[in-house]
Amino acid sequence: MSRLAFLMREAIVNLRRNALVVTGAVLAVFISLALAFGALVLNQLLVINTLAWQEGTHIVVFLKDTDEGGLSLDGQLQLRAEVESWDEVKAVRYVDKAGAYEEFKILFADRPDFVESINPTILPSSLRIELTDINLYRDVQFRLQANPAVKDVRSFGEGIEMLSNLSRVLNLLGIGLALVLGSAAVIMIANTIRMAIYARRDEVSIMKLVGASNWFIRVPFLLEGLIEGVLGAGLAVLTIWIASQNLQGVGDSIQLVQFTIPTEFFLRWGVLFVLFGAAAGVFGSLIGLSRYLREADGGARTGAA
Amino acid sequence: MLRLENVTKVYEGGTVAARDVTLDIQKGEFVFLVGPSGSGKSTLIRLMLRQEPITRGTIWVAGKDITTIPNWKVPFLRRSIGTVFQDFKLLPNKTVFENVAFALEVLGRPRSVIRPQVEQVLNLVGLSDKGDRYPRQLSGGEQQRVSVARAFVNRPPILLADEPTGNLDPATSVGIMKLLDRINRTGTTIVMATHDHAIVDAMQRRVVAIEDGAVVRDDQSGRYETITMDVPVVAEAPPAPATDGESGSEGGEEE
């Protein structure tokens, strides 16, 4: 116990004495992880927005009037029930002519003369279909187009599909960027610790001389790395969180795009990033130390030189 | 306590720093390793500390062959050997007290044990009032006293000193030697590499002369007595003529 307390004290004293190098290491972790976390948050925003756009009506089916060879009201409701029973379909909303006119009035509220010039009976009744999976839109569209009672089928599938693809690519890019920057953090910590050890190589050799084991020498350095990693990662998460809070303010003025990220996401990923920072700190220290400690060991018998 | 058996050390590039050295050092002995710079004294000290890999031969420390022990056991070996160096090797960021205490911290001793033990040894070396100073605030002699205190604080059976007076003036050197003598009288075996004639002559202890990596003389109670540099030295060499006002070798070779 007293040994652990001693090693903790050593680590804290070393952190204080090497303030400049420590600041460098914390900044290195902070910058890499802030960029990585930023990429992740942006990616999440994209996912949230793509999902939001994917919600709602995917296909609109305009139905023929009875004088065009279409179905009666009962027939149309029957068709709705049939479409709703399809596996690909999540929900179907039937909008009759009156309903269509109401929508039309809302849509052209700023042009009352135009609204008045339109005869409500010319607007077709329609089915608004929400799919279980947007990618299935082609099949459903094809089947509906084949129905003689259908006048026209409009689908938003292509646009949403394009957005999905873009999101997938950006998702991969975001994860790739996070990985690259995460590795950069480990390398930077390893380098910084190695520099710190190089500056204290005499100290390490004296420690070895009085009989300190490699672990006894290592632990304060590992604790230093851990503290630096946690500090850098914590700062990175905090910075991105503050930035996203500010973005929410902007988001309020732009209706189409959503800038709010659930707190749960920040908690989950924030904790993971801090843990990663801690692991990167410890791992970086281990890499930084291993070579030097190996060199400082005398080694056993060599072959004849 | 210490036994070197046919110890040879060849550095990369072919430099031979130790040639077939055989030495037997008993418990409680005070042995001087003497010889000019580059003769191989320090290499022997480093080999005894397992700071260098040995090329051939065996070194026994307290009955254990240290040339074959795995690296992870080396710290345990070093805890049984106190070391004092010419450049003091003190930790600059630690106070005198912390420097001495460090040797006990490494052993995992509790603070309640460390404090009195460090105070006692600081008292022994005459620095009890300077425990809170940093090495840079001390004179060379005082720094070396701290180094001796650190080497002795856990009462090791062996103390190796490599030119401990090399950076000190004669008067200060005498103080350090008195200290080492006092430690030796507690039963600690001391091996000291030096080329300080006056000290060796004054102490009248066992002298092992090293020349070009080989033992050329081993006197139980001897003087420094340099061997001429320009005459090739062999084990059975007759006493060399004095070239610098000192007498020639009077002791025979062990090997």
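Which residue in β8(B) is the bridge partner of Val34(B)? The answer, Thr194(B), appears in the first of the views below. The model is predicted.

**View 1. Strand β8 of chain B pairs with β3(B) and with β7(B).** Strand β8(B) covers residues 189-194. Strand β3(B), residues 30-34, runs parallel to β8(B), and five bridges join the two. One pairing here is Val34(B) with Thr194(B). β7(B) is also parallel to β8(B), again with five bridges. There, Leu160(B) has Val191(B) as its bridge partner.

**View 2. The residues of β8(B) are buried on both faces.** The strand is mostly covered, with six of its six residues buried. Thr189(B), Val191(B) and Ala193(B) point one way. Ile190(B), Met192(B) and Thr194(B) point the other way. Two of these residues also serve as bridge partners: Val191(B) for Leu160(B), and Thr194(B) for Val34(B).

**View 3. A helix links β7(B) and β8(B) in a right-handed β-α-β unit.** The helix is α6 of chain B, residues 170-185. The strands of this unit, β7(B) and β8(B), are parallel. In chain B, confidence is highest in β7(B), residues 158-162, at 96.

**View 4. Four strands of chain A form an open sheet.** The strand order is β2-β3-β1-β4, and the pairing is antiparallel. Strands β2 (89-95) and β4 (150-155) of chain A lie at the edges, each pairing on one side only. On average, neighbouring strands are turned by 20° against each other, direction ignored. β2(A) pairs with β3(A), residues 126-131, over six antiparallel bridges. Within that pair, Val89(A) has Leu131(A) as its bridge partner.

**View 5. Helix α6 of chain A packs on the sheet.** The helix spans residues 137-145. It touches β1 (59-63), β2, β3 and β4 of chain A. The direction of the helix makes about 170° with that of β4(A).

**View 6. Chain A combines 10 helices with four strands.** From the N terminus on, the order of elements is α-α-β-α-β-α-α-β-α-β-α-α-α-α. Chain A has 305 residues, and 30% of them count as buried. Take the contacts in chain A between residues at least 6 apart in sequence: 84% join residues at least 24 apart.

**View 7. Chains A and B meet in a contact of 20 residues from chain A and 30 residues from chain B.** On the chain B side, α2 (74-79) and α3 (96-105) each supply at least two residues. The largest share of that side, four residues, comes from α2(B). By type, the chain B side divides into 11 nonpolar, nine polar and 10 charged residues. For the whole model, the scores are ipTM 0.76 and pTM 0.67.

**View 8. Confidence varies along chain B.** The mean pLDDT of chain B is 86, and 88% of its residues reach 70 or more. Which helix of chain B has the lowest confidence, and which strand the highest? Helix α7(B), residues 197-203, is lowest at a mean of 90, and strand β7(B) is highest at 96. Over residues 227-255 of chain B, the pLDDT is below 50. Beyond near neighbours in sequence, this stretch has 45 contacts in the model. Where pLDDT is low, predicted coordinates should not be read in detail.

Notes:
Residues numbered from 1 in each chain as written. Chains lettered and ligands numbered in written order. Predicted model: local features only at pLDDT ≥ 70, side-chain atom pairs only at ≥ 80, totals over all residues. Contact = placed C-beta atoms within 7 Å. Nonpolar A, V, L, I, M, F, W, Y, C, P; charged D, E, K, R; others polar. pLDDT = per-residue confidence, 0-100. Pairing = 2+ DSSP bridges. Axes fitted to C-alpha atoms, helices over the stretch in contact; angles between N-to-C directions. Buried ≥ 20, exposed ≤ 12 C-beta atoms within 10 Å, placed from the backbone. Right-handed = clockwise from strand over helix to strand, strands pointing away.
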